[in-house]
Amino acid sequence: MKKFNKAIGVLMVLVLALSLAACGGGKNEGASDPNPPATDKPNNSAENKPAESTLDYQFGEDQTFHSDEPVTYSMMYSDHENYPYQKDWRLWSAIKEKTNVSFDLSLTARTEYDNQKMLIINSGDAPYIIPKTYDETPFVAGGQIVPISDYVQYMPNFTKAVKDWGLEADLKAKLQADGKYYVLPGMWEGAGSGYSYAIRKDVFEAAGVDLSQEGTWTYEDFYEALKKVKAYTGAKYVMSDINKGESTLNIAAVEYGVTAGWGKSNGLKFDDAKQEFYFADASDDYKAFVTYFNKLVSEGLLDPESFTQENDVAEAKFFKGDSYVLNTNYQVMTDYQTKMQDPNAELYMIVQPGGPKGKLQVENSRLENGVMISENARKDLGEENFIKLLRFVDWLWYSNEGQTLSLWGVEGETYTKDADGIIKLNPDITYNGLNPDAPKKLNADFGFGGGVFAYGGSNDLRWSKFTEGEKDYYNRIFKYNQPRSIAPPIMASADQSEQLNMISTPLMDYINTMTLKFITGQEPLSNWDNFVKTAEANGSTNYTNMANEIFNSTKSVLGY
């Protein structure tokens with residue numbers, strides 16, 4: 001992971017220099033820090049911080065948070081259809097037993113969570129804790145979200161993770177125009193593995209594909225392998241994809257030096273050598289990218305319905321044996337294996353192939369979705385109790401104890417540890433491919449291991465939930481694929497963001513529409529020059545120039 005090694009910027013001062021006082025070992029660590037960071041909030045000063053003798057709770061680095069009196073905090077909750085909310089989950093009582101904290105939940109279906117979040121925040125009625133936030137930028141200008149970087153000195157476990165795992169550069173990606181960040185991201189010690197291609201190993205090997213060479217595969221090698229499978233099976237299409245092709249386009253775009261699918265964003269890439277942004281999604285690299293996928297479609301290797309069909313349709317083709325490749329993440333591999341109709345089917349996840357820009361790791365950030373804190377918490381609770389809330393959040397989402405509880409549950413009830421301290425899920429409980437035939441589910445029956453709480457943690461914690469197959473997959477990625485740098489954020493003001501959005505929304509809609517047309521053959525590649533001119537007319541150059549102007553005016557804060 002590339003580290004910015006120039007002059008220390010605002011964030012490093014805020015998170016590191018002040019974390020020392022917040023990361024002691026006693027009951028009231030952080031409460032007596034004589035030099036809190038400068039802030040535009042006058043009540044965030046040393047003389048107004050709670051005195052040690054008045055605190056009615058315990059907290060600290062690697063210490064359990066516990067309130068002397070029962071506390072209830074309001075929180076949004078993304079209710080997942082695969083493990084719907086249960087009020088009697090062991091999760092809730094376990095948190096209560098440890099901390100004396102309960103939740104007043106605003107339940108929202110996962111599929112409506114982002115829309116509801118926007119509505120409730122804009123209305124001014126947001127609950128105190130707003131987890132599972134992937135993009136906090138739309139909420140910054142409204143003033144309803146706390147600039148949480150002003151307060152992380154009160155969060156000893158958060159600041160310890162930043163320091164110990166060297167996450168300063170990662171966190172800079174969250175900075176807004178004012179040099180602050182407004183979300184507490186989930187943080188991993190190491191980068192993740194990302195999505196890749198699950199293949200029918202038995203069919204690929206029978207077709208003469210040498211899978212021992214996957215460590216050097218490029219997308220052209222993958223193409224040759226698909227051709228062999230088509231010739232051997234006579235299948236109409238070798239691959240019929242899920243997620244409307246968004247994941248496949250995203251991971252391939254990394255290797256071609258462009259953006260697409262889930263990662264298309266604003267179409268910009270950052271040139272580390274030149275220290276400037278450029279518009280990648282109408283470049284020669286992008287032409288090579290869409291030409292590759294057009295070749296897959298035109299030669300009957302990739303089903304064009306991949307970009308329109310629902311996931312269950314694509315999965316049914318794979319389970320039945322009508323297709324032999326599916327883009328997915330490793331967590332579903334065990335479930336997929338049980339659903340294959342051919343009893344001799346053997347599934348295998350290949351490492352993401354390389355491309356013109358190298359053989360790169362798709363996941364380059366160690367940050368996950370995160371937690372926003374609403375201004376209502378600061379307004380309703382007052383300074384002392386607001387800090388108390390933050391210290392609870394710090395324990396549940398950022399301490400190893402809280403993360404282990406959220407992921408695995410209660411030791412002796414849902415899991416045990418062996419002599420080496422390795423977590424072992426109880427044999428009658430299944431999760432993430434472990435104990436696949438067990439009658440109980442860790443998330444659906446107990447509430448643990450869900451997406452609202454269980455993200456982020458140490459390498460040991462991440463690996464504790466892996467099957468042997470997933471461990472092998474991770475090891476192959478880190479062996480074969482190279483890490484890549486993190487692009488700096490575009491720290492636009494509210495007015496600048498509005499201008500950028502006015503350009504990027506229609507521009508990227510056009511790019512996305514034409515990308516699919518080129519890939520599926522609805523638009524001939526001979527019209528490429530006209531595509532580039534139209535992208536220019538839609539503002540690709542103007543957008544790039546604006547982004548570079550903003551970057552140049554803020555790069556000193558980012559350490560460039």
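Start with the whole chain in view: for 560 residues, a compact globule would have a radius of gyration near 24 Å, and the chain, at 25 Å, agrees with that. Keep in mind as you go that this is a predicted model.

**The whole chain**

Show the C-alpha trace and turn it along its principal axes; the C-alpha atoms fill a box of roughly 75 × 60 × 40 Å. Switch to cartoon and you can follow 21 helices and 16 strands. Of the 560 residues, 57% count as buried. Contacts also reach across the sequence: among those between residues at least 6 apart, 74% join residues at least 24 apart.

**Stop 1: helix 10**

Select residues 246–256, which form helix 10. How many of its eleven residues are buried? Eleven of the eleven are, so helix 10 is largely enclosed by the rest of the structure. Turn on side chains and you will meet Glu246, Ser247, Thr248, Leu249, Asn250, Ile251, Ala252, Ala253, Val254, Glu255 and Tyr256, the buried residues of this helix.

Now bring up the surroundings. The cover over these buried residues includes strand 7 (196–200), helix 9 (219–233), helix 11 (284–298), strand 10 (325–328) and helix 19 (494–520). After helix 10 comes glycine 257, with a positive phi near 75°.

Carry on along the chain to serine 265, in the loop between helix 10 and strand 8 (268–271). Serine 265 is not a glycine, yet its phi is positive, about 45°. Buried or exposed? With a relative accessibility of 56%, serine 265 counts as exposed.

**Stop 2: helix 9 beside helix 11**

Two elements from the cover of helix 10, helix 9 and helix 11, make a good pair to select next. Their axes come within 11 Å and cross at roughly 0°. An angle under 35 degrees counts as roughly parallel, and that makes helix 9 roughly parallel to helix 11.

To see who makes the contact, show Tyr219, Glu220, Phe222, Tyr223 and Leu226 on helix 9, then Tyr292, Lys295 and Leu296 on helix 11. By class, the residues of this contact are six nonpolar, no polar and two charged.

**Stop 3: the loops on either side**

Step back to aspartate 210, in the loop between helix 8 (201–206) and helix 9. Aspartate 210 is partly exposed, at 42% relative accessible area. Its side chain makes a polar contact with the side chain of serine 212, at 2.6 Å. Try a distance label from aspartate 210 to alanine 225: they are 15 residues apart along the chain, with their C-alpha atoms separated by 8.5 Å.

Then move to serine 306, in the loop between helix 11 and helix 12 (311–320). Serine 306 is buried, since its relative accessible area is 1%, and buried means under 20%. Leaving aside neighbours within four places in sequence, serine 306 is in contact with Met239, Ser240, Asp241, Lys244 and Gly245. Which atom does its side chain reach at 2.8 Å? That is the backbone nitrogen of aspartate 241. For one more distance label, the C-alpha atoms of serine 306 and leucine 211 are separated by 25 Å, with their positions 95 residues apart along the chain.

**Stop 4: helix 15**

Select residues 400–408 for helix 15, which is mostly covered: seven of its nine residues are buried. The buried ones are Gly402, Gln403, Thr404, Leu405, Ser406, Leu407 and Trp408. Among the elements covering them are helix 3 (90–99), helix 14 (375–398), strand 13 (415–417), strand 14 (423–425), helix 16 (442–446) and helix 17 (459–464). Helix 15 is followed by glycine 409, where phi is positive, near 100°.

Further along, pick asparagine 432, in the loop between strand 15 (429–430) and strand 16 (440–441). Asparagine 432 also has a positive phi without being a glycine, near 55°. Asparagine 432 is buried, with a relative accessible area of 13%.

**Last stop: glutamine 176**

Finish in the loop between helix 7 (168–172) and strand 6 (184–187), where glutamine 176 lies. Glutamine 176 is buried, at 9% relative accessible area. Not counting residues up to four places away in sequence, glutamine 176 touches Glu136, Thr137, Val140, Tyr182 and Met491. With threonine 137 there is a polar contact, side chain to side chain, at 3.5 Å.

Conventions
Residues numbered from 1 in each chain as written. Predicted model: local features only at pLDDT ≥ 70, side-chain atom pairs only at ≥ 80, totals over all residues. Heavy atoms only, no water. Buried < 20%, exposed > 50% of the residue type's maximum accessible area, 1.4 Å probe, protein only. Helix = DSSP H or I, 4+ residues; strand = E, 2+ residues; numbered from the N terminus. Contact = heavy atoms within 4.5 Å. Polar contact = N/O pair within 3.5 Å; in protein donor to acceptor, adjacent residues only side chain to side chain. Axes fitted to C-alpha atoms, helices over the stretch in contact; angles between N-to-C directions. Parallel < 35°, antiparallel > 145°, perpendicular 65-115°, else oblique. Nonpolar A, V, L, I, M, F, W, Y, C, P; charged D, E, K, R; others polar. Rg over C-alpha atoms; globule rule 2.2 N^0.38 Å.
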